[in-house]
Amino acid sequence: RLSDVLKRKRLPKRGPRRPKYSPPRDDDKADNQVFFAAKSPTSTQSPKSSFLASLNPKTWGKLGAQTNNANSEPSRTAGVSGLARAPPKDSISNNRDKIKAWIKEQASKFVERYFNSENVDGSNPALNVLQRLCTATEQLNLQVDGGLECLVEISNIVSESDVSSFEIQHSGLVKQLLIYLTSNMDRDLLSREVRLKRFLNIFAGCPLPGVDPIGRLDPTNNSAYLALVHKMNSCLSQMEQFPVKVHDFPSGNGNGSRGSQALKFFNTHQLKCQLQRHPDCTNVKQWKGGPVKIDPLALVQAIERYLVVRGYGRIREEDEDSDDDGSDDEIDESLAAQFLNSGSVRHRLQFYIGDHLLPYNMTVYQAVRQYSLQAEEERESTDDEANPLGRAGIWTKTHTIWYKPVREDEEGSKDSVGGKRGRAQTAPTKTSPRNAKKQDELWHDGVCPSVANPLETYLTTEPPETITFDDPSLEVTLLLRILHSISRFWFYLYDNAACKEIIPTSEFINSKLTAKANRQLQDPLVIMTGNIPTWLIELGKTCPFFFPFDTRQMLFYVTAFDRDRAMQRLLDTNPEINQSDSQDSRVAPRLDRKKRTINREDLLKQAESVMQDLGSSRAMLEIQYENEVGTGLGPTQEFYALVSQELQRADLGLWRGEEITLANPKGNQEGTKYMFNSRGLFAVPFGRTTKPAHIAKIKMKFRFLGKLMAKAIMDFRLLDLPLGLPFYKWMLRHETSISSHDLMNIDPSVAKSIQHLEDINRQKKRLEQDRSQTRETLQQALESLNMNGCSVEDLGLDFTLPGFPNIELKKGGKDVPVTIYNLEEYLRLVVYWTLNEGVSRQFDSFREGFESVFPLHHLQYFYPEELDQLLCGSKSETWDVKTLMECCRPDHGYTHDSRAIRFLFEVLSSFDAEQQRLFLQFVTGSPRLPVGGFRSLNPPLTIVRKTFESTENPDDFLPSVMTCVNYLKLPDYSSIEIMREKLLIAAREGQQSFHLS
């Protein structure tokens with residue numbers, strides 16, 4: 001409701017804040033008279049702020065109730081500000097009736113004054129736009145052909161007039177346009193494709209249905225489309241009522257950060273829980289230790305650990321004597337060691353509150369709040385906003401938590417990380433007869449599946465299953481989702497169209513929803529309790545275009561992994577949260593770390609064994625190199641960068657592209673060939689005759705790559721792998737809609753030839769449809785079709801994959817020449833083998849490896865073209881002095897005015913892309929910056945002065961670094977030329993070793 005939104009708007013700070021619902025002081029009485037305005041509707045002279053406050057009848061009730069109860073006994077948890085007592089039910093409903101009566105009276109006065117019968121004869125100029133819009137909307141009828149006029153009118157109204165959101169809502173345009181673009185009934189007069197093409201004709205300048213474009217279709221006039229999207233977005237901003245759960249506590253001394261007061265509260269309170277063996281089971285010990293006090297932010301799996309190390313997870317025979325169980329506090333050392341050492345231990349116990357099975361990664365507080373307090377008074381909608389810490393009952397009652405052993409058969413499906421579940425999904429279904437038949441059709445007859453149009457999945461009037469929230473803005477949200485998908489995939493409707501968006505995805509960002517999401521995701525308490533509102537997660541996955549990349553990245557880290565990682569991410573992006581409460585240890589996440597020492601010699605092999613052992617572990621992986629003292633962030637970042645490099649070795653045979661040698665090889669990179677592809681790397685295809693042993697070897701590497709990628713994302717590390725867009729489409733399971741457009745991102749030269757051949761094929765189709773041709777003239781015309789003066793037969797093509805003569809497109813393909821008559825089949829097969837058939841086994845293995853770490857469906861927050869940013873950080877861009885000054889920190893002997901700092905920023909801003917990579921690798925361990933560039937580098941780049949004896953000349957020394965804290969120790973060089981030379985020498989020579997500097 002509007003009132004809820006207004007209630008949550010925070011007023012600017014004025015002096016010390018009082019608790020949210022404390023009784024008004026005397027000097028506020030005047031301000032608050034409107035709270036009782038319902039008794040006298042005439043009292044309208046009042047300040048604006050109290051008017052806003054008066055709009056919510058619930059606050060009336062509470063204020064009224066609190067003024068009356070000022071002298072009654074205090075709330076049971078007196079120490080907690082914000083835990084107001086609930087007002088009596090009758091006073092709320094009484095006030096509701098009064099407010100309704102008052103609104104009715106005001107509305108009727110308004111109607112009488114402005115809309116009486118004399119001046120509502122349709123000529124009121126205020127109604128002009130609305131009437132035009134209503135008329136045009138009525139003509140968007142599916143049973144009557146309204147032609148293009150109604151679309152032209154709508155386009156004119158949204159482009160040229162100042163039509164308001166209210167008018168758009170009132171005219172019914174949203175619902176009607178939604179139906180117009182999606183309905184696919186037999187009784188519709190025009191097919192959906194015709195309607196979509198008409199819409200694109202008016203709003204994006206595409207040709208009308210039935211008109212073939214001359215040459216390649218590339219719409220340039222998108223202003224009407226843009227205007228429509230902007231208007232719909234402002235409608236959404238006006239209508240949406242998504243709640244934001246925030247936990248602001250008045251801080252006693254005025255210096256507490258947002259949410260930190262709430263965290264302090266959680267630090268000092270505990271939940272009382274009674275652990276009991278589930279009545280269904282008798283084969284584990286019964287807890288006899290009485291009620292236990294549990295840290296509210298502990299996870300459910302912490303209770304399991306507590307019980308299992310005391311022997312409660314051990315299944316025993318039914319008739320064993322239960323009295324010899326020993327005391328509750330005896331810890332079984334071997335079990336404790338097993339729990340501490342293994343990354344993802346097999347779960348032994350499961351927990352219930354009532355009938356609800358508790359997820360292991362839920363906080364105990366959330367479990368108790370969600371399942372233990374189902375009584376009606378607890379479920380009231382204002383609960384979260386009014387008292388974020390729950391009612392006093394949470395802290396005073398004893399909550400019963402039942403435990404019982406995990407059954408073996410359930411164990412298979414419950415994998416805390418999602419590995420087993422993922423494996424089941426991606427296992428190739430070799431055995432199914434249908435699949436075998438499809439394979440045979442492809443091999444024997446050259447029949448391959450047609451490309452799926454991704455638009456189909458979006459063009460529905462009903463919300464997708466993944467949207468469960470109910471909000472007034474639902475229809476306009478769905479319409480924007482459809483407009484975005486049309487803008488993104490429109491070219492699937494045409495035969496020869498440029499593969500690009502009509503308007504950039506960034507134009508769909510909704511600033512109001514983004515502000516709400518950011519506010520929500522910066523609340524430490526919401527993250528600590530995992531209490532993210534469902535609307536945010538659902539919109540993030542079904543309509544990612546509403547939010548900018550960094551908001552979705554934060555949402556991803558908060559929902560995909562454990563709470564400590566989410567908290568770590570929050571602290572990395574908002575360091576100020578920890579500054580105000582340095583003594584508050586709770587905010588610091590408790591992330592386990594696993595350290596591995598490896599040898600630089602056979603890096604890839606060792607990386608594979610590290611991933612095998614620790615890939616699925618929840619612990620953060622840290623790498624150290626043999627015979628080097630460096631440890632922590634720098635060596636670990638370098639490990640991911642070097643393994644990325646090793647995976648591009650030509651001798652592995654993983655990638656398409658050309659072989660190159662590195663510009664600045666170090667150590668064993670000397671003389672090694674690496675694969676390069678200007679459009680990004682993509683898998684080399686397998687043919688039907690490829691040896692099984694070779695396939696198995698390649699699949700193992702792809703499985704390892706999947707694990708490495710997932711682990712890097714999970715641990716906030718960057719890879720240095722230039723993968724192509726089609727790779728990321730496979731990663732997100734979009735492979736069925738990959739088409740010949742994508743060849744350009746794999747092999748531009750093959751793609752150009754295929755385009756020429758597709759043009760010939762289009763001319764052939766036109767000739768065949770031409771009724772005036774006789775059989776003889778048609779044959780003659782077909783045989784004269786040529787590519788640069790060369791007929792199809794003379795090109796000397798056969799049914800093998802271009803660039804891979806040993807891969808046949810169908811059985812006996814190398815003996816089948818390509819002619820004008822089988823050209824279409826050839827083109828379809830080349831595209832299908834390159835993008836699907838030849839690479840599906842590699843990608844199945846890749847996805848299997850990835851999902852052994854965390855489920856791929858969490859990546860639904862991103863588009864394929866954004867995954868490169870998520871994995872590899874920001875693209876290279878020139879560094880300007882201004883940005884460097886804002887983001888880098890001079891310290892210990894240097895200030896922003898120091899000569900050496902000015903020199904350094906000038907040198908850095910002149911670096912080319914390769915020099916930037918060398919410098920970053922030298923200073924941070926990774927050759928790429930995180931998304932957001934230097935601003936997002938954590939810790940920030942700090943430049944300190946390197947000191948020398950008075951007899952030594954700084955010009956004789958090289959700079960050195962501490963990669964773990966991004967520290968550059970820079971001598972005060974006498975000239976900018978010397979600094980440039982020394983920096984580049986250090987960056988080239990100072991890699992792949994971590995020693996004391």
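**Exercise 1. Place cysteine 964 in the fold and decide whether it is buried, partly exposed or exposed.**

*Solution.* Start with the secondary structure: Cys964 sits in the loop that links β16 (960-962) to β17 (967-970). Keep in mind that this is a predicted model. Next, check the record: an unreviewed UniProt entry gives Cys964 the annotation "active site". Now turn to accessibility. Buried would need a value under 20%, and exposed one over 50%. Cysteine 964 has 32% relative accessibility, so it counts as partly exposed. Finally, list its neighbours, leaving out residues up to four places away in sequence: Cys964 touches Thr631, Gly632, Leu633, Gly634, Pro635 and Pro939.

**Exercise 2. Find the largest nonpolar core and work out which domains it lies between.**

*Solution.* First, its members: the largest nonpolar core holds 208 residues, and Tyr225, Phe556, Phe639, Phe727 and Met731 have the most contacts inside it. Second, its main contributor: helix α30 (residues 692-714) supplies the largest share, 11 residues. Third, the domains: domain 1 (260-319 + 327-377 + 387-405) and domain 2 (509-579) both give residues to this core, so it lies between them. For a close-up, pick Met731: beyond residues up to four places away in sequence, it touches Met709, Phe846, Arg847, Phe850, Leu856, Leu859, Leu867 and Leu871. A second, separate core has 32 residues, including Ile901 and Tyr973.

**Exercise 3. Summarise the chain as a whole: how many helices and strands does it have, and what share of its residues count as buried?**

*Solution.* Count the elements: there are 40 helices and 17 strands. Then take burial: 51% of the 997 residues count as buried. Last, the surface: about 47500 Å² is accessible, 50% of which belongs to carbon and sulfur atoms.

Definitions and conventions
Residues are numbered from 1 along each chain as its sequence is written. This is a predicted model: local features need pLDDT of at least 70, side-chain atom pairs count only at pLDDT 80 or more; totals for chains, interfaces and linings use all residues. Side-chain values use heavy atoms; hydrogens and water are left out. A nonpolar core is a set of buried Ala, Val, Leu, Ile, Met, Phe, Trp, Tyr and Cys residues joined through side-chain atoms within 4.5 Å. Buried means under 20% relative accessible area, exposed over 50%, partly exposed in between (1.4 Å probe, protein chains only). Helices (H or I, at least four residues) and strands (E, at least two) are DSSP runs, numbered from the N terminus. Domain bounds come from an automatic or database domain assignment. Contact means heavy atoms within 4.5 Å. UniProt positions are given in the numbering used here, feature names are shortened, and annotations may be inferred rather than shown by experiment. Accessible areas come from the Shrake-Rupley method with a 1.4 Å probe; for residues, only the protein chains shown count as cover.
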